[in-house]
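Biologist: I'd like a close look at one part of this model. Please keep it brisk.

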Amino acid sequence: AFTVGYAGRLVEQKGLRILVAALETMESDWRLLICGSGPLRKEIETRLASRGLTGRVRFCEQVPSGEMPQYLGAMDVLVLPSLTRPNWKEQFGRVLIEAMACGVPVIGSNSGEIPHVIGNGGLVVPEGDATALRDALEALRVDPIRRARMGHLGRERVLAHYTQARIAAETVALYRDLAAAAVS
C-alpha cells in the first residue's frame, strides 16, 4: 500500500486533522505511519476507528533520532500539513530536511517557512485544504517515477543548502559581512 508518513508532535497546529481528512477521501489503498506523540492521538484513533480505518494506521512514539531514517525509509511520502495560527507558524520544519535527506518526497502546506525549505524538492499545498492535499498525495501515489525524481531533487536540495558544512559556511559569511559593515 501507498504509505503516507508524518513525524512530529500530535498537536492541532501541525494539521493532522487535515491529513486525516485528505486520506479519508482517497479511494486507493493507503497506510498512515505516524511517528510522534501528543494530545491529538486519541482523537485521530477515534476518528479513524469510526470510519473503519484503524487497520491502516500505525503509531510509533518516542523514535530515537538514530532510528528515524529507518522509519522515513518506510514512507512513500512524508507530509507536514502545518496550520498558521495567530501566535504560531511553522518556522522551519526540520522533519522535511530529514525526509529529503533520506530521498523521501515531501508534501507541505504553505505555512511559514515550509515552501522555502521544500523548494523544488517536493510539493506545497494551501494550508487547511484537505482536497488539495488529497490530490497531491494521489498524484504521487500513481506516479512512482515522479516520486523517485522528487526524492532525488529533495536530497540534492539538502546537500546544496542544509548540511552542517553549508550552514557553517553561510554563518561565517554572515559574520564577516557584519564585521566588515561595522568597520566601515
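How many residues line the largest pocket, and which lie nearest its centre?

Modeller: This is a predicted model, so local features need pLDDT of at least 70 and side-chain atom pairs 80 or more, while totals for chains, interfaces and linings use all residues. Numbering runs from 1 along each chain as its sequence is written, and side-chain values use heavy atoms, without hydrogens or water.

The largest pocket (an open set of points on a 1 Å grid over the protein atoms alone, with protein on both sides within 12 Å along at least five of seven lines) is lined by 21 residues (an atom within 4 Å of a point). Nearest its centre lie Ala7, Gly8, Arg94, Val95 and Glu98. The volume, the space filled by 1.4 Å probe spheres set on the points, is about 500 Å³. Strand E1 (2-7), helix H3 (68-73) and helix H4 (94-101) each give the lining at least two residues. These elements are DSSP runs (helices H or I, at least four residues; strands E, at least two). By class, 10 lining residues are nonpolar, 6 polar and 5 charged. Gly counts as polar; Asp, Glu, Lys and Arg count as charged.

Now the helix packing. H1 (residues 16-24) meets H6 (residues 130-141) at about 60°, with axes 8 Å apart. The pair is therefore oblique (neither under 35, over 145, nor 65 to 115 degrees). Ile18, Leu19, Ala21, Ala22 and Leu23 of H1 touch Ala130, Leu133, Arg134 and Leu137 of H6 (heavy atoms within 4.5 Å). That contact has 8 nonpolar residues, no polar and 1 charged.

Definitions and conventions. Axes are lines fitted to C-alpha atoms, for helices over the stretch in contact, and angles run from 0 to 180 degrees between N-to-C directions.
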